[in-house]
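This report concerns the arrangement of domains along a single chain and the interface between two of them.

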Amino acid sequence: MTPYGNIAFFVIIGLLLLPTILLGLQGKSSKYYNLFVSLIVLALIFGHSLNGSISLILFTVFQIVLIVAYQRYRLQQNSGTIFIIAVLLSILPLVLVKVLPILGLHHLFGFLGVSYITFKAVQMILETRDGLMKEKIPVIELAYFLLFFPTVSSGPIDRWRRFTKDFHTVPSSEDYQKLLLSGLNYIFVGFLYKFILAYLIYNYTLIYLPNHTYNYLTPFQGQLAYMYMYSFYLFFDFAGYSAFAVGVSRIMGIQTPINFNRPFASRNIKDFWNRWHMSLSFWFRDYVYMRFVLWMTKKKWLKNKFAISYIGFFLLFFLMGIWHGLEWHFVVYGLYHALLIISFDKFERWNKKHKRWPKNKWTHAIGVFITFNAVCFGFYIFSGKLF
């Protein structure tokens, strides 16, 4: 069963979460019942495929053993080599998932959500290395975090320290009412985005574009219309899914972070990446870009801090690009955004010195217009229609 793919999924979730809601409204803990619900829903999501089920179990056990082993090691020692080996081992299954199909080989670790579970696992190893996670983590709670069913297939990517705080907090009846209303609101927003707007855009425009315009549009106009419609479709479809995940999480007492915050209203490309697929962009910012810049600065291989920052942007967006797939259009999509970020950074520093671009409502509106079109062109690259 595909998460949030049809009404049957929501009916099942609604029935399963009724005891959660009743316990929450009485100010009682439902965390152990939610663990039970997660097992049932994971069985529904992955149970149709024997290969997928075995892959999920083996992968999860592998990540848990790796995290626990590294945590125990870190309490005693702090070798950089062991840390790097632990990180590489954690991302190895994801790399195999991406690479083996291209080589024409069947792979074992092929299941829905492998990327998002990997992001969580890597995050835990990195924060253990930083000394931010010193307490012993119960294996069941660790598995629950990695496999939290509302977000298991497509995020948002939660952080362990935030997640476990919610897990162990029993909200009062009044607080749970607010969580419940917020969760239901997100679910209704998800229905509006995914099952109405994304559905209409796809079925009434995208399936005819860019080539089947029945002479209403020239070929160029067809491509242009596709670029904008695809961008809106991508947003409503994914933001709708994320809203479902956030909504169901809140009903279960977990305040999963939101993934989208009006990204098409961004005033520049940096602002855009603080609003679009936020949990992913923040993950790459915190665990790739910031660490790379810090490492390069400490090693003093380059003296120019801006050069280090720009190399960091290329690394970040290159990895984000190939994470979607190893096809050329994903690579170009990543590098395109790296160029946008670097160009804006240069402009921002130039303007700080020369004061040619004032901050007012007109420059804000122009900034939104430019950013929107630049982002849509990026999604056009992402779609693969350009190559």
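## Domain arrangement

In this predicted model, the C-alpha centres of domain 1 and domain 2 are 27 Å apart. The chain is divided into domain 1 (29-166), domain 2 (171-259) and domain 3 (262-381), with bounds that come from an automatic or database domain assignment.

Residues are numbered from 1 along each chain as its sequence is written. Local features need pLDDT of at least 70, side-chain atom pairs count only at pLDDT 80 or more, and totals for chains, interfaces and linings use all residues, while side-chain values use heavy atoms, leaving out hydrogens and water.

## Extent of the interface

Contact (heavy atoms within 4.5 Å) links 17 residues of domain 1 with 14 residues of domain 2. The buried area, that is, the accessible area (1.4 Å probe) that two parts lose on being put together, summed over both, is about 1200 Å² for this pair, and carbon and sulfur atoms give 64% of it. Of the area that domain 1 buries against domain 2, Pro 150, Pro 156 and Asp 166 supply 39%, more than any other three residues.

## Polar interactions

No salt bridges are found across the interface of domain 1 and domain 2, the rule being a side-chain nitrogen of Lys or Arg within 4 Å of a carboxyl oxygen of Asp or Glu. Four residue pairs, both residues at pLDDT 80 or more, are in polar contact there. A polar contact is a pair of N or O atoms within 3.5 Å; within protein, one must be able to donate a hydrogen and the other to accept it, and residues adjacent in sequence count only if both atoms are side-chain atoms.
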